[in-house]
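Me: I have a model open and want to know what backs up each label. Please take me through the reasoning.

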Amino acid sequence: MKEYNYKIKGAPYNVKINSVEENIAKVEVNGIEFEVELEKPVAAPKPVVRAVAAPVKTIEPPKEAQEAVEAGVLAVRAPLPGTINDILVTVGQTVKAGDTLVVLEAMKMENNIDAERGGKILEIKVNKGSTVMEGSILVTIG
């Protein structure tokens, strides 16, 4: 309900708008009720939407993603969960930066997992066909 105070030719008017439905307004002028027909229907007010922050749940990475490696050893990790389709290196093999180490299938796409730097393959932590989580260590390079 809205209320307005007016003066017309010095006379005070207290106008209360009690309700508006389509083009009919129910108003009260100085205590006297009227139904007023409007020329155009009044658009319904837009609802006010307030965003409420949802609680954030912290998800711990899988144990294999928390696994530590020795200083100077590079742990090549899975960038997303998936299945190991192929392992293209062997323990003891020397690789260069950019060499493909593992082929990971995720979301029906094959992803080449490449060496970030050169070095010797110290350990292969996965097998062909195994499922890995994001952050899982695939290969270590020393």
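Me: What does the secondary structure of the protein chain come to?
Reply: This is a predicted model. The protein chain has one helix and 12 strands. From the N terminus on, the order is β-β-β-β-α-β-β-β-β-β-β-β-β.

Me: What makes Lys125 and Glu123 a salt bridge?
Reply: Their side chains meet at 3.7 Å, N to O. The cut-off is a side-chain nitrogen of Lys or Arg within 4 Å of a carboxyl oxygen of Asp or Glu. The pair therefore qualifies, at 3.7 Å. A search of the whole structure finds one salt bridge.

Me: Why is Lys125 called partly exposed?
Reply: Lys125 has 34% relative accessibility. Buried means under 20% and exposed means over 50%. Lys125 is in between, so partly exposed is the label. Glu123, at 36%, is partly exposed too.

Me: And Ala71, which label does that get: buried or exposed?
Reply: Ala71 is exposed, because its relative accessible area is 80% and the cut-off is over 50%. Ala71 lies in the loop between helix H1 (63-66) and strand E5 (74-77). Its C-alpha atom is 9.3 Å from that of Gly142, 71 residues apart along the chain.

Me: Why does Glu28 have no salt bridge?
Reply: The nearest side chain of opposite charge is Lys16, 4.4 Å away. A salt bridge has to be within 4 Å. Therefore Glu28 and Lys16 do not count as one. Glu28 is nonetheless buried.

Me: Where is Glu28, and what does it touch?
Reply: Glu28 is in strand E3 (residues 24-29). Leaving out residues up to four places away in sequence, Glu28 touches Asn14, Val15, Lys16, Asn18 and Glu33.

Me: How do you know that strands E2 and E3 pair?
Reply: Pairing takes at least two bridges. Six bridges join strand E2 (residues 11-21) to E3, so the two strands pair. They run antiparallel. As one of the matches, Glu21 has Ile24 in E3 as its bridge partner. The hairpin of E2 and E3 has two residues between the strands, and Glu22 takes a positive phi near 55 degrees there.

Me: What makes E3 and E4 a pair?
Reply: Six bridges join E3 to strand E4 (residues 32-37). At least two are needed, so these strands pair as well. E3 and E4 run antiparallel. Val27 stands opposite Phe34 in E4. In the hairpin of E3 and E4, with two residues between the strands, Asn30 takes a positive phi near 50 degrees.

Me: Which residues touch the most other members of the largest nonpolar core?
Reply: Leu101, Leu138 and Ile141 do, out of 17 residues in that core. E5, strand E8 (100-106) and strand E12 (137-141) each supply at least two of the core's residues. In soluble globular proteins, nonpolar side chains tend to be buried together.

Me: What does Leu138 contact beyond its neighbours within four places in sequence?
Reply: Its contacts include Val76, Ile84, Val102, Ile113, Ile124, Val126 and Val132. Both salt-bridge partners, Glu123 and Lys125, are also among them.

Me: How many of the 142 residues, in percent, are buried?
Reply: Buried residues make up 23% of the protein chain. The accessible surface comes to about 10,700 Å², with 54% of that belonging to carbon and sulfur atoms. Among contacts between residues at least 6 apart in sequence, 44% join residues at least 24 apart.

Methods: Residues are numbered from 1 along each chain as its sequence is written. This is a predicted model: local features need pLDDT of at least 70, side-chain atom pairs count only at pLDDT 80 or more; totals for chains, interfaces and linings use all residues. Side-chain values use heavy atoms; hydrogens and water are left out. Buried means under 20% relative accessible area, exposed over 50%, partly exposed in between (1.4 Å probe, protein chains only). Helices (H or I, at least four residues) and strands (E, at least two) are DSSP runs, numbered from the N terminus. Lys and Arg count as positive and Asp and Glu as negative; His and the chain ends are not counted. Contact means heavy atoms within 4.5 Å. A nonpolar core is a set of buried Ala, Val, Leu, Ile, Met, Phe, Trp, Tyr and Cys residues joined through side-chain atoms within 4.5 Å. Accessible areas come from the Shrake-Rupley method with a 1.4 Å probe; for residues, only the protein chains shown count as cover.
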